[in-house]
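Me: Got a minute to go through this one with me? I'd like to start with the cysteines.

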Amino acid sequence: MRRVVITGMGTINPVGHNLTEAWENVKNGVCGIDYTKQMDVSDFKVKVAGEVKDYDPQDYLDKKEARKMDRYTQFGIIAAREAIKDSGIDIEKEDPYRCGTIVSSGIGGLITITDQTLRGNDRGYEKISPFFIPMSISNMCSGEIAIDTGFKGVCECIVTACASGNNSLGESFHKIRDGYQDVMLTGGAEGCICPMGLGGFTVMKALSTSNDPNRASIPFDAERGGFVMGEGAGILILEELEHAKARGAKIYGEVIGYGASCDAYHITAPDPTGAGAAGCMKMAVEDAGINPSDIDYINAHGTSTHLNDAGETRAIKDVFGDHAYKLMVSSTKSMTGHLMGAAAAIEAIFTTMALKDGFVPATINYKTPDPECDLDIVPNEGRNADIRYALSNALGFGGHNASIVFKKWED
(Lines give C-alpha, C1' and ligand atoms only; values in the text may rest on other atoms or scores of the structure.)
Protein backbone atom coordinates (compact mmCIF):
# COMPACT_ATOMS: atom_id res chain seq x y z
CA MET A 1 0.00 0.00 0.00
CA ARG A 2 1.22 3.48 -0.88
CA ARG A 3 2.07 6.06 1.78
CA VAL A 4 0.03 9.27 1.93
CA VAL A 5 1.42 12.58 3.14
CA ILE A 6 0.07 16.08 3.73
CA THR A 7 1.80 18.68 1.56
CA GLY A 8 -0.47 21.73 1.82
CA MET A 9 -3.09 23.20 4.15
CA GLY A 10 -5.41 26.18 4.15
CA THR A 11 -8.09 27.43 6.50
CA ILE A 12 -10.36 30.32 7.38
CA ASN A 13 -12.19 29.91 10.68
CA PRO A 14 -13.17 31.72 13.91
CA VAL A 15 -9.56 31.91 15.17
CA GLY A 16 -7.81 32.95 11.95
CA HIS A 17 -8.01 33.85 8.28
CA ASN A 18 -5.15 31.55 7.29
CA LEU A 19 -3.09 28.61 8.53
CA THR A 20 -0.37 30.64 10.28
CA GLU A 21 -2.76 32.96 12.11
CA ALA A 22 -5.16 30.18 13.12
CA TRP A 23 -2.47 27.84 14.47
CA GLU A 24 -0.76 30.63 16.41
CA ASN A 25 -4.07 31.56 18.06
CA VAL A 26 -4.82 27.92 18.86
CA LYS A 27 -1.41 27.55 20.50
CA ASN A 28 -2.15 30.67 22.56
CA GLY A 29 -5.59 29.44 23.58
CA VAL A 30 -7.49 32.29 21.91
CA CYS A 31 -11.27 31.98 22.08
CA GLY A 32 -12.89 32.65 18.70
CA ILE A 33 -16.43 32.70 20.10
CA ASP A 34 -18.15 36.06 20.47
CA TYR A 35 -21.53 37.76 20.26
CA THR A 36 -23.12 37.12 16.86
CA LYS A 37 -22.67 39.99 14.40
CA GLN A 38 -23.93 38.75 11.02
CA MET A 39 -27.59 38.56 12.07
CA ASP A 40 -29.90 40.19 14.59
CA VAL A 41 -30.20 37.80 17.54
CA SER A 42 -32.18 40.09 19.85
CA ASP A 43 -35.17 37.70 19.65
CA PHE A 44 -33.06 34.52 19.86
CA LYS A 45 -32.13 32.57 22.98
CA VAL A 46 -28.67 31.96 21.55
CA LYS A 47 -26.52 35.09 21.35
CA VAL A 48 -23.02 33.77 20.56
CA ALA A 49 -21.32 31.99 17.67
CA GLY A 50 -17.91 31.16 16.26
CA GLU A 51 -17.93 33.55 13.32
CA VAL A 52 -15.10 34.35 10.93
CA LYS A 53 -13.99 37.77 12.18
CA ASP A 54 -14.03 40.90 9.99
CA TYR A 55 -14.87 38.90 6.90
CA ASP A 56 -15.31 40.64 3.57
CA PRO A 57 -15.39 38.24 0.61
CA GLN A 58 -13.94 40.96 -1.65
CA ASP A 59 -10.70 40.73 0.32
CA TYR A 60 -10.25 37.32 -1.32
CA LEU A 61 -12.59 36.99 -4.28
CA ASP A 62 -13.63 39.03 -7.29
CA LYS A 63 -16.93 40.80 -6.53
CA LYS A 64 -18.78 39.15 -9.42
CA GLU A 65 -17.33 35.76 -8.50
CA ALA A 66 -18.32 36.09 -4.84
CA ARG A 67 -21.94 37.02 -5.65
CA LYS A 68 -22.45 33.64 -7.33
CA MET A 69 -21.26 31.68 -4.28
CA ASP A 70 -22.92 30.93 -0.98
CA ARG A 71 -20.87 31.87 2.07
CA TYR A 72 -19.80 28.26 2.67
CA THR A 73 -18.44 27.98 -0.88
CA GLN A 74 -16.56 31.25 -0.50
CA PHE A 75 -14.85 29.84 2.58
CA GLY A 76 -14.00 26.62 0.75
CA ILE A 77 -12.47 28.41 -2.24
CA ILE A 78 -10.41 30.68 0.04
CA ALA A 79 -9.02 27.74 2.02
CA ALA A 80 -8.40 25.68 -1.13
CA ARG A 81 -6.42 28.45 -2.80
CA GLU A 82 -4.26 28.78 0.30
CA ALA A 83 -3.70 25.01 0.42
CA ILE A 84 -2.76 24.84 -3.27
CA LYS A 85 -0.32 27.73 -2.90
CA ASP A 86 1.11 26.20 0.27
CA SER A 87 1.65 22.85 -1.46
CA GLY A 88 3.38 24.37 -4.48
CA ILE A 89 1.62 21.94 -6.78
CA ASP A 90 1.36 23.00 -10.43
CA ILE A 91 -1.57 21.35 -12.21
CA GLU A 92 0.08 22.11 -15.57
CA LYS A 93 2.77 19.58 -14.65
CA GLU A 94 0.32 16.93 -13.42
CA ASP A 95 -2.07 14.46 -14.96
CA PRO A 96 -5.28 16.27 -13.96
CA TYR A 97 -7.24 13.01 -13.94
CA ARG A 98 -4.97 11.74 -11.14
CA CYS A 99 -5.83 14.78 -9.01
CA GLY A 100 -9.18 14.61 -7.21
CA THR A 101 -11.39 16.70 -4.98
CA ILE A 102 -13.57 15.61 -2.04
CA VAL A 103 -14.83 18.59 -0.06
CA SER A 104 -17.84 18.24 2.20
CA SER A 105 -20.45 20.44 3.76
CA GLY A 106 -22.84 19.19 6.39
CA ILE A 107 -25.60 21.63 5.45
CA GLY A 108 -24.59 23.45 2.26
CA GLY A 109 -26.02 26.78 1.17
CA LEU A 110 -28.50 27.36 3.98
CA ILE A 111 -27.96 31.12 3.92
CA THR A 112 -28.90 31.19 0.23
CA ILE A 113 -31.89 28.91 0.82
CA THR A 114 -33.13 31.17 3.62
CA ASP A 115 -32.64 34.41 1.69
CA GLN A 116 -34.15 33.16 -1.55
CA THR A 117 -37.14 31.57 0.18
CA LEU A 118 -37.96 34.91 1.77
CA ARG A 119 -37.44 36.67 -1.57
CA GLY A 120 -39.69 34.19 -3.35
CA ASN A 121 -42.39 34.56 -0.74
CA ASP A 122 -42.29 38.36 -1.12
CA ARG A 123 -41.85 38.71 -4.91
CA GLY A 124 -42.86 35.38 -6.38
CA TYR A 125 -40.73 32.27 -6.88
CA GLU A 126 -39.91 33.07 -10.49
CA LYS A 127 -38.13 36.19 -9.25
CA ILE A 128 -35.52 34.35 -7.20
CA SER A 129 -31.85 34.31 -8.24
CA PRO A 130 -30.97 32.13 -11.26
CA PHE A 131 -27.99 31.01 -9.19
CA PHE A 132 -30.21 29.72 -6.36
CA ILE A 133 -29.72 26.02 -7.12
CA PRO A 134 -25.93 26.04 -7.76
CA MET A 135 -25.40 28.30 -4.76
CA SER A 136 -27.39 26.12 -2.37
CA ILE A 137 -26.50 22.52 -3.20
CA SER A 138 -23.94 20.87 -0.93
CA ASN A 139 -21.67 19.52 -3.66
CA MET A 140 -21.05 22.89 -5.27
CA CYS A 141 -18.10 23.84 -3.08
CA SER A 142 -16.27 20.72 -4.25
CA GLY A 143 -17.29 21.46 -7.84
CA GLU A 144 -16.22 25.11 -7.68
CA ILE A 145 -12.85 24.10 -6.22
CA ALA A 146 -12.28 21.55 -8.99
CA ILE A 147 -13.10 24.19 -11.61
CA ASP A 148 -10.79 26.68 -9.88
CA THR A 149 -7.85 24.28 -9.59
CA GLY A 150 -8.24 22.25 -12.77
CA PHE A 151 -8.38 18.97 -10.82
CA LYS A 152 -10.24 16.54 -13.12
CA GLY A 153 -10.11 13.35 -11.08
CA VAL A 154 -12.82 12.15 -8.71
CA CYS A 155 -14.97 15.05 -7.46
CA GLU A 156 -17.33 14.30 -4.59
CA CYS A 157 -19.07 15.73 -1.56
CA ILE A 158 -19.65 13.34 1.33
CA VAL A 159 -22.48 14.53 3.57
CA THR A 160 -22.47 12.80 6.94
CA ALA A 161 -23.37 15.76 9.16
CA CYS A 162 -20.56 16.58 11.60
CA ALA A 163 -18.50 13.56 10.52
CA SER A 164 -18.32 14.84 6.93
CA GLY A 165 -14.83 16.33 7.11
CA ASN A 166 -13.24 13.14 8.41
CA ASN A 167 -15.11 10.96 5.92
CA SER A 168 -13.80 13.20 3.14
CA LEU A 169 -10.23 12.96 4.42
CA GLY A 170 -10.48 9.23 5.00
CA GLU A 171 -11.90 8.43 1.58
CA SER A 172 -9.30 10.70 -0.04
CA PHE A 173 -6.57 8.90 1.90
CA HIS A 174 -7.79 5.52 0.62
CA LYS A 175 -8.10 6.81 -2.97
CA ILE A 176 -4.37 7.59 -2.91
CA ARG A 177 -3.22 4.66 -0.79
CA ASP A 178 -5.02 2.18 -3.03
CA GLY A 179 -3.72 3.70 -6.25
CA TYR A 180 -6.76 5.45 -7.72
CA GLN A 181 -5.40 9.01 -7.40
CA ASP A 182 -2.02 10.63 -6.73
CA VAL A 183 -3.19 13.93 -5.27
CA MET A 184 -6.39 14.77 -3.38
CA LEU A 185 -7.67 18.17 -2.33
CA THR A 186 -9.96 17.45 0.61
CA GLY A 187 -11.70 18.87 3.66
CA GLY A 188 -14.89 20.69 4.47
CA ALA A 189 -16.65 24.05 4.43
CA GLU A 190 -19.61 25.40 6.37
CA GLY A 191 -21.40 28.74 6.65
CA CYS A 192 -24.90 28.45 8.08
CA ILE A 193 -25.08 31.03 10.88
CA CYS A 194 -28.42 32.47 9.81
CA PRO A 195 -31.97 32.55 11.24
CA MET A 196 -32.85 29.08 9.93
CA GLY A 197 -29.60 27.54 11.10
CA LEU A 198 -29.57 29.14 14.52
CA GLY A 199 -33.29 28.62 15.00
CA GLY A 200 -33.20 25.01 13.84
CA PHE A 201 -30.46 23.96 16.22
CA THR A 202 -31.98 26.02 19.06
CA VAL A 203 -35.39 24.32 18.92
CA MET A 204 -33.57 20.98 19.00
CA LYS A 205 -32.01 22.16 22.28
CA ALA A 206 -28.60 21.37 20.78
CA LEU A 207 -27.01 24.79 21.33
CA SER A 208 -25.55 26.43 24.39
CA THR A 209 -27.72 29.31 25.63
CA SER A 210 -24.91 30.83 27.70
CA ASN A 211 -24.49 34.54 26.99
CA ASP A 212 -20.87 34.42 28.12
CA PRO A 213 -18.61 33.68 25.12
CA ASN A 214 -16.06 32.14 27.49
CA ARG A 215 -18.58 29.74 29.04
CA ALA A 216 -20.53 28.67 25.96
CA SER A 217 -18.31 26.07 24.23
CA ILE A 218 -16.88 24.22 27.23
CA PRO A 219 -16.20 20.58 26.26
CA PHE A 220 -15.88 18.07 29.10
CA ASP A 221 -16.87 20.69 31.69
CA ALA A 222 -19.68 19.64 34.07
CA GLU A 223 -21.53 22.89 33.26
CA ARG A 224 -21.63 22.29 29.49
CA GLY A 225 -25.06 22.72 27.96
CA GLY A 226 -24.73 22.51 24.19
CA PHE A 227 -22.49 23.36 21.27
CA VAL A 228 -21.75 26.73 19.66
CA MET A 229 -22.26 27.13 15.92
CA GLY A 230 -19.09 27.92 14.00
CA GLU A 231 -18.24 28.63 10.36
CA GLY A 232 -15.29 28.44 8.01
CA ALA A 233 -13.33 25.87 6.02
CA GLY A 234 -10.32 23.61 6.25
CA ILE A 235 -8.60 22.13 3.18
CA LEU A 236 -5.67 19.71 3.01
CA ILE A 237 -3.60 18.50 0.07
CA LEU A 238 -2.95 14.76 0.39
CA GLU A 239 -0.34 13.26 -1.87
CA GLU A 240 1.32 9.94 -2.56
CA LEU A 241 4.73 10.01 -0.88
CA GLU A 242 6.94 9.29 -3.91
CA HIS A 243 4.96 11.78 -5.99
CA ALA A 244 5.52 14.44 -3.33
CA LYS A 245 9.23 13.66 -3.08
CA ALA A 246 9.67 13.74 -6.83
CA ARG A 247 8.50 17.34 -7.00
CA GLY A 248 10.41 18.39 -3.86
CA ALA A 249 7.30 19.13 -1.81
CA LYS A 250 7.51 20.00 1.87
CA ILE A 251 5.72 17.48 4.04
CA TYR A 252 3.71 18.37 7.14
CA GLY A 253 2.72 14.90 8.28
CA GLU A 254 1.39 11.52 7.24
CA VAL A 255 -2.13 10.02 7.19
CA ILE A 256 -1.96 6.35 8.13
CA GLY A 257 -5.42 5.16 9.23
CA TYR A 258 -9.14 5.68 8.73
CA GLY A 259 -12.22 4.15 10.30
CA ALA A 260 -15.93 4.80 9.80
CA SER A 261 -19.01 3.38 11.52
CA CYS A 262 -22.64 4.09 12.37
CA ASP A 263 -24.34 3.98 15.78
CA ALA A 264 -27.62 2.85 14.15
CA TYR A 265 -29.23 4.25 17.27
CA HIS A 266 -30.98 7.67 16.95
CA ILE A 267 -31.33 10.55 14.47
CA THR A 268 -29.54 13.07 16.71
CA ALA A 269 -28.46 11.50 20.01
CA PRO A 270 -25.24 9.48 20.09
CA ASP A 271 -25.30 5.96 21.50
CA PRO A 272 -24.66 6.65 25.22
CA THR A 273 -22.48 3.55 25.48
CA GLY A 274 -20.09 5.01 22.91
CA ALA A 275 -20.02 1.67 21.06
CA GLY A 276 -20.17 3.17 17.57
CA ALA A 277 -17.44 5.71 18.26
CA ALA A 278 -15.31 3.00 19.88
CA GLY A 279 -15.69 0.73 16.86
CA CYS A 280 -14.71 3.57 14.58
CA MET A 281 -11.53 4.35 16.54
CA LYS A 282 -10.59 0.67 16.65
CA MET A 283 -10.94 0.44 12.87
CA ALA A 284 -8.77 3.51 12.35
CA VAL A 285 -6.00 2.20 14.60
CA GLU A 286 -6.12 -1.21 12.93
CA ASP A 287 -6.07 0.41 9.48
CA ALA A 288 -2.95 2.30 10.58
CA GLY A 289 -1.24 -0.95 11.57
CA ILE A 290 -0.33 0.30 15.05
CA ASN A 291 -1.35 -0.55 18.60
CA PRO A 292 -3.81 1.55 20.63
CA SER A 293 -1.00 2.26 23.10
CA ASP A 294 0.93 4.03 20.31
CA ILE A 295 -1.55 6.92 20.22
CA ASP A 296 -0.23 9.94 22.13
CA TYR A 297 -3.00 12.49 21.52
CA ILE A 298 -6.65 12.59 20.51
CA ASN A 299 -8.29 15.70 19.09
CA ALA A 300 -11.73 14.78 20.38
CA HIS A 301 -15.04 15.54 18.73
CA GLY A 302 -15.75 17.22 22.09
CA THR A 303 -18.81 19.28 21.17
CA SER A 304 -19.74 20.54 24.66
CA THR A 305 -23.02 18.61 24.74
CA HIS A 306 -23.61 16.34 27.69
CA LEU A 307 -24.24 13.16 25.71
CA ASN A 308 -21.39 13.57 23.22
CA ASP A 309 -18.61 14.31 25.69
CA ALA A 310 -19.64 11.57 28.13
CA GLY A 311 -20.15 9.00 25.38
CA GLU A 312 -16.89 9.86 23.64
CA THR A 313 -15.03 9.53 26.93
CA ARG A 314 -16.54 6.06 27.44
CA ALA A 315 -15.57 5.11 23.89
CA ILE A 316 -11.95 6.20 24.43
CA LYS A 317 -11.75 4.14 27.62
CA ASP A 318 -13.19 1.14 25.78
CA VAL A 319 -10.62 1.35 22.99
CA PHE A 320 -7.54 2.33 24.96
CA GLY A 321 -8.10 0.73 28.38
CA ASP A 322 -5.55 1.89 30.94
CA HIS A 323 -3.72 3.84 28.22
CA ALA A 324 -6.73 6.19 28.05
CA TYR A 325 -5.44 7.85 31.22
CA LYS A 326 -1.94 8.27 29.78
CA LEU A 327 -2.78 9.94 26.47
CA MET A 328 -3.90 13.55 26.03
CA VAL A 329 -7.46 14.31 24.86
CA SER A 330 -8.38 17.91 24.03
CA SER A 331 -11.13 19.66 22.09
CA THR A 332 -10.21 22.63 19.92
CA LYS A 333 -13.96 23.31 19.60
CA SER A 334 -13.50 25.16 22.89
CA MET A 335 -11.83 27.82 20.73
CA THR A 336 -13.61 27.57 17.38
CA GLY A 337 -17.08 26.34 18.24
CA HIS A 338 -18.54 23.57 16.09
CA LEU A 339 -18.09 24.01 12.33
CA MET A 340 -20.31 21.02 11.54
CA GLY A 341 -19.18 19.62 8.16
CA ALA A 342 -15.95 21.64 8.30
CA ALA A 343 -15.12 20.81 11.92
CA ALA A 344 -13.08 17.67 11.35
CA ALA A 345 -11.17 19.29 8.49
CA ILE A 346 -9.83 22.17 10.54
CA GLU A 347 -9.23 19.77 13.44
CA ALA A 348 -7.17 17.60 11.07
CA ILE A 349 -5.10 20.69 10.34
CA PHE A 350 -4.64 21.44 14.03
CA THR A 351 -3.77 17.79 14.74
CA THR A 352 -1.19 17.76 11.95
CA MET A 353 0.38 20.96 13.28
CA ALA A 354 0.38 19.51 16.81
CA LEU A 355 2.47 16.58 15.57
CA LYS A 356 4.74 18.80 13.51
CA ASP A 357 5.42 21.35 16.27
CA GLY A 358 5.28 19.01 19.25
CA PHE A 359 2.53 21.05 20.86
CA VAL A 360 -0.85 19.77 22.09
CA PRO A 361 -3.59 22.44 22.07
CA ALA A 362 -5.68 23.02 25.16
CA THR A 363 -9.33 22.63 26.01
CA ILE A 364 -9.78 26.26 27.06
CA ASN A 365 -12.23 27.88 29.52
CA TYR A 366 -12.40 24.68 31.59
CA LYS A 367 -13.54 25.21 35.19
CA THR A 368 -15.77 22.49 36.61
CA PRO A 369 -14.60 18.86 36.44
CA ASP A 370 -17.09 16.19 35.42
CA PRO A 371 -16.56 12.68 36.85
CA GLU A 372 -17.94 11.27 33.57
CA CYS A 373 -15.15 13.02 31.64
CA ASP A 374 -12.09 12.22 33.74
CA LEU A 375 -9.35 11.93 31.10
CA ASP A 376 -6.42 14.31 30.61
CA ILE A 377 -8.20 16.99 28.57
CA VAL A 378 -5.19 19.37 28.61
CA PRO A 379 -7.17 22.01 30.53
CA ASN A 380 -6.72 25.72 29.75
CA GLU A 381 -3.07 25.68 28.66
CA GLY A 382 -1.50 23.90 25.71
CA ARG A 383 1.42 21.59 26.30
CA ASN A 384 4.79 21.00 24.67
CA ALA A 385 4.96 17.28 24.01
CA ASP A 386 6.92 15.10 21.61
CA ILE A 387 4.00 13.20 20.11
CA ARG A 388 4.32 10.70 17.28
CA TYR A 389 0.79 9.41 16.63
CA ALA A 390 -2.50 11.28 16.97
CA LEU A 391 -6.12 10.45 16.30
CA SER A 392 -8.92 12.88 15.40
CA ASN A 393 -12.59 12.01 15.95
CA ALA A 394 -15.75 13.26 14.24
CA LEU A 395 -19.26 12.12 15.21
CA GLY A 396 -22.40 13.31 13.44
CA PHE A 397 -26.19 13.37 13.58
CA GLY A 398 -27.59 10.14 12.18
CA GLY A 399 -24.97 8.19 14.13
CA HIS A 400 -22.12 8.78 11.67
CA ASN A 401 -18.64 8.26 13.12
CA ALA A 402 -15.26 8.80 11.45
CA SER A 403 -11.71 8.72 12.85
CA ILE A 404 -8.35 9.50 11.24
CA VAL A 405 -4.90 8.53 12.49
CA PHE A 406 -2.02 10.92 11.74
CA LYS A 407 1.71 10.31 12.14
CA LYS A 408 4.51 12.78 12.70
CA TRP A 409 6.53 13.07 9.52
CA GLU A 410 9.59 10.83 9.62
CA ASP A 411 11.34 10.18 6.31
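Reply: Sure. One term before that: partly exposed means a relative accessible area between the buried range, under 20%, and the exposed range, over 50%. Also, keep in mind that this is a predicted model.

Me: OK, so what's the relative accessible area of Cys-262?

Reply: Cys-262 comes out at 44%, so it counts as partly exposed.

Me: And how many disulfides are there?

Reply: The count is zero.

Me: Why no bond for Cys-262?

Reply: Because the closest cysteine sulfur, in Cys-280, is 11 Å from the sulfur of Cys-262, too far for a bond. The cut-off for a disulfide is 2.5 Å between the sulfurs.

Me: What about Cys-155, how far is the closest cysteine sulfur?

Reply: That one is in Cys-157, at 9.0 Å, so again too far for a bond. Cys-155 is partly exposed as well, with a relative accessible area of 39%.

Me: Switching topic: which residues have the most contacts inside the largest nonpolar core?

Reply: Ile-6, Met-9, Leu-236, Leu-238, Phe-350, Ile-387 and Phe-406, in a core of 47 residues. Helix α13 (residues 343-357) gives the most to this core, nine residues.

Me: What does Met-9 touch?

Reply: Leaving out residues up to four places away in sequence, its contacts include Leu-19, Tyr-252, Ile-349 and Met-353.

Me: Last thing, how many cavities of 30 Å³ or more?

Reply: One, with a volume of about 30 Å³. Helix α11 (residues 306-320) supplies the largest share of its lining, four residues. By type, the lining has five nonpolar, one polar and two charged residues, with Phe-220 and Asp-309 among them.

How values were computed:
Residues numbered from 1 in each chain as written. Predicted model: local features only at pLDDT ≥ 70, side-chain atom pairs only at ≥ 80, totals over all residues. Heavy atoms only, no water. 1 Å grid on protein atoms, 1.4 Å probe; cavity = no way out; pocket = protein on both sides within 12 Å on 5 of 7 lines; lining within 4 Å. Points joined across faces, edges and corners; volume = space filled by probe spheres on them. Helix = DSSP H or I, 4+ residues; strand = E, 2+ residues; numbered from the N terminus. Nonpolar A, V, L, I, M, F, W, Y, C, P; charged D, E, K, R; others polar. Core = buried A, V, L, I, M, F, W, Y, C linked by side-chain atoms within 4.5 Å. Buried < 20%, exposed > 50% of the residue type's maximum accessible area, 1.4 Å probe, protein only. Contact = heavy atoms within 4.5 Å.
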